[in-house]
Amino acid sequence: MKTWSLRRTLLAVLLGLTLALWVGSAAIVYVEARRESQELFDQSLIETGHLLLSLVEKDARQHGLTGPIDVPLRGHPNPHQYLLFKVRDAQQRVLYRNDAASDIALSRSAPDGLSWTSIAGQRWRLFSLWDPQRSLQLLVAEPTSHRDDISRGFFYRIALFGLLLVALATIAIWWSIHRVFRVLQASADEVSARTPDELADVRLAGAPAELHPLLLEINRLFGRVRQSRDNEQRFTADAAHELRTPLAAIKTNLQVLQRARSADEREEFIAALGASVERATRLVNQLLALAQLDPQSQAETGLAPGDLAHLLAQQAAQWQALAASYRLSLSVNMAPAPCALHADSLQMLLRNLVENALRYTPAPGSVVVSCGVENGRSYVRVADTGPGIAEEWHERVFERFVRLGGAQLPGSGLGLSIVRRIAERHGAHIVLGEGLQGRGLAVTVMFP
């Protein structure tokens, strides 16, 4: 899988945007500055033309003009490349001119005002002006070379200043990105340096606010892993403790069986050994079922539309046969109870409830399994005439390996834990209440 660098991507994007913004801004500034400078040069050329024409008019009134007068242009290293002007009369005779314009022809047909002309292959800015009587025409021309020199110098200064800004922006952007990723790297190093047993929360101090959601999710993940690990450790310890009893009974029965003195004793010990094996098998099966239902070990089971009455009808005959072996009566009352369910896990829930009721109800007694709809919610209920459960035990009986004080029958204490786990997967609520004939226990599972 091809990987990419967030650091390099951010650096490239930010630098690219910075460079694009600077180039665009510099171009706009340069174009506007050049336009403004052109307007200033034109205004200066117009003012120069008006001044020259007024001087010529004054001189003409005082002394009269009979021939061309050359005016030397001093103070400029190259007068031929600075300013040219000529003054003609109405008959297009040259009256005044500067020495640089003596051998250069300025267009006689130039339009009034500003225009462009070409002299010796070079572009010049030309200004033409007549006096009010249209007896004198002034032509003054200025080369664009020194305008271009000024614009070029301005461009170089902008470019140099821009390069300096880009360099400073590059350093600032790199430092900012490096600082942010240094915090990310510090958090990554903190996580990578931990052992599998170190699941404490990652520190949020010093991390930017934008990084907090990621670190909080990592901490929540660590919390779930801690809970899962604690559950597994507690489950393993409890399972090992509970398995000791049936395994010890199996070992004892084997030892006694080896010393049996008669066939009757041997049969008695073989029956006891079978009961111990059956108890161990039941415990192992319940442990496996509980492990499979652990929300940390597998994804949520998909639910499908179904009816609780259909599940009860499938198992009614089996429950009645089992109840007969306990010398109990079992009846099944079914009414339509539609809900979203997972058939296999709900059959496990019903089997645990019914078997618990049969095992703890003394003979002769009764067990009633029913389903239907109450207050708009589907339910399934198992009620018996057994000893019931005191109210102070209603919460604890759903914990793993918890058995009622004084319970005489062997058991694992996992049945109701399995029932609660399956009910939680269905979004159902378990209610413990009074059983049949004013005594016993009724376990009701209310579905959403």
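A good place to begin is Gln38, which lies within helix H1, spanning residues 6-63. The model described here is predicted. With a relative accessibility of 18%, Gln38 counts as buried, because the cut-off for burial is under 20%. The side chain of Gln38 also has a partner: a polar contact of 2.5 Å joins it to the side chain of Arg147.

Gln38 belongs to a longer list of buried positions in H1. This list also holds Ala26, Ser37, Phe41, Asp42, Leu45, Gly49, Leu52, Leu53, Val56 and Glu57. In an α-helix, residues three or four places apart point the same way, because there are 3.6 residues a turn. As for what covers the buried residues of H1, the cover includes helix H2 (145-192). Several strands contribute to the cover as well, namely E2 (84-89), E3 (94-98), E4 (113-119), E5 (122-130) and E6 (136-143).

The length of H1 can be checked too. H1 has 58 residues, and at 1.5 Å a residue these should span 86 Å. The C-alpha atoms at the ends of H1 are 84 Å apart, so the two values agree. Just after H1 comes Gly64, which has a positive phi, near 80 degrees.

Finally, a word on confidence. The pLDDT of the protein averages 79, and 81% of the residues score at least 70. For residues 296-300 the pLDDT falls below 50, and this stretch makes nine contacts in the model beyond near neighbours in sequence. Residues 405-409 also have a pLDDT below 50, with four contacts in the model beyond near neighbours in sequence.

How values were computed:
Residues are numbered from 1 along each chain as its sequence is written. Side-chain values use heavy atoms; hydrogens and water are left out. Helices (H or I, at least four residues) and strands (E, at least two) are DSSP runs, numbered from the N terminus. Buried means under 20% relative accessible area, exposed over 50%, partly exposed in between (1.4 Å probe, protein chains only). A polar contact is a pair of N or O atoms within 3.5 Å; within protein, one must be able to donate a hydrogen and the other to accept it, and residues adjacent in sequence count only if both atoms are side-chain atoms. The expected span of a helix is 1.5 Å times one less than its number of residues. Contact means heavy atoms within 4.5 Å. pLDDT is the predictor's confidence in each residue, from 0 to 100.
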